[in-house]
Amino acid sequence: MFKKIIDYEIGKGGRGIYIQCEKPKTSFDVKDFKVETGLNVPKNVLNEIELNESKSSIGIWNAELLNELNYGEDFIKRKKCLTKNDAEQLFKKTKKRQKVISISEPIFDNNYENCVVSVSYLKFTGSAYGKKYFLKKVCGIWTIIVEYEIWMT
């Protein structure tokens with residue numbers, strides 16, 4: 001799942017990104033999802049995701065995860081993830097915009113065939129944007145179906 005989101009961002013020209021260690025909690029609301037996406041997802045799947053939201057937690061990504069991704073420095077600039085403090089120091093040190101991505105823990109349906117994940121992009125102190133992704137496992141491969149709940153500061 002993590003790799004799918006990173007690959008997607010790199011594919012959109014997201015080279016030279018940093019990964020933030022902290023993973024925020026994902027929220028999910030069936031009504032908001034239906035209004036924003038207009039997708040016809042089975043009600044039981046959406047209800048399961050909403051119920052499983054309580055299992056999503058704030059945490060830290062395993063540092064070994066970045067090594068397993070095996071990206072070159074032109075894609076991911078640092079083999080270790082950044083803490084929030086590291087990101088702030090990076091902005092102060094370089095005095096320019098950066099690409100720091102924060103990926104939440106996914107919320108799955110009970111069969112682990114659909115999920116929602118939140119992604120935030122820090123560009124500079126006080127400058128960020130984000131969105132949620134709805135993904136579905138298609139022929140055993142996680143596929144991004146829709147981006148929604150897009151926000152920015």
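**Entry 1: K4**

I started with K4, which sits in helix α1, a run covering residues 2-11. I kept in mind that this is a predicted model. Is K4 buried or exposed? I got a relative accessible area of 29% for K4, so it counts as partly exposed, since that class runs between 20% and 50%.

Then I looked up what K4 touches. Leaving out residues up to four places away in sequence, I found L135, I141, W142, T143 and I144. I picked I141 from that list for a distance check. K4 and I141 are 137 residues apart along the chain, yet their C-alpha atoms are separated by 9.2 Å.

**Entry 2: confidence**

Next I wanted to know how far the predictor trusts its own model. The mean pLDDT of the protein chain is 85. I also noted that 86% of the residues reach 70 or more.

Where is confidence lowest, and where is it highest? The low spot is helix α4 (residues 64-69), with a mean of 67. The high spot is helix α3 (residues 43-52), at 96.

**Entry 3: the largest pocket**

I went looking for pockets and stayed with the largest pocket, which holds about 210 Å³ of space. It is lined by 17 residues, and Q20, K84, S102, S120 and L122 are the closest to its centre. The elements that give two or more residues to this lining are β2 (22-23), α5 (84-94), β6 (114-124) and β7 (127-138).

Which element gives the most to the lining? I found that α5 does, with four residues. I also sorted the lining by residue type: seven are nonpolar, six are polar and four are charged.

**Entry 4: salt bridges**

How many salt bridges does a search of the whole structure find? I got two.

In one of them, E147 pairs with K131, and their closest N and O atoms are 2.8 Å apart. E147 is in strand β8 and K131 is in strand β7, so this pair ties together parts that lie 16 residues apart in sequence. I checked accessibility for both partners. E147 comes out at 25%, so I wrote it down as partly exposed. K131 has 7%, which means it counts as buried, because the cut-off for buried is under 20%.

In the other bridge, E149 pairs with K132, with the closest N and O atoms 3.1 Å apart. This pair links distant parts of the chain, with E149 in strand β8 and K132 in strand β7, 17 residues apart. On accessibility, E149 has a relative accessible area of 25% and is partly exposed, while K132 is buried at 7%.

**Entry 5: odd backbone angles**

Last, I checked phi angles. Most residues other than glycine have a negative phi, so I hunted for exceptions.

Y112 is one: its phi is near 55°, a positive value, and it is not a glycine. I located Y112 in the loop between β5 (107-108) and β6.

C139 also has a positive phi, about 50°, although it is not a glycine either. Where does C139 lie? I found it in the loop between β7 and β8 (141-152). Is C139 buried or exposed? Its relative accessibility is 79%, so it counts as exposed, a label that needs over 50%.

Note on methods:
Residues numbered from 1 in each chain as written. Predicted model: local features only at pLDDT ≥ 70, side-chain atom pairs only at ≥ 80, totals over all residues. Heavy atoms only, no water. Buried < 20%, exposed > 50% of the residue type's maximum accessible area, 1.4 Å probe, protein only. Contact = heavy atoms within 4.5 Å. 1 Å grid on protein atoms, 1.4 Å probe; cavity = no way out; pocket = protein on both sides within 12 Å on 5 of 7 lines; lining within 4 Å. Points joined across faces, edges and corners; volume = space filled by probe spheres on them. Nonpolar A, V, L, I, M, F, W, Y, C, P; charged D, E, K, R; others polar. pLDDT = per-residue confidence, 0-100. Salt bridge = Lys/Arg side-chain N within 4 Å of Asp/Glu carboxyl O.
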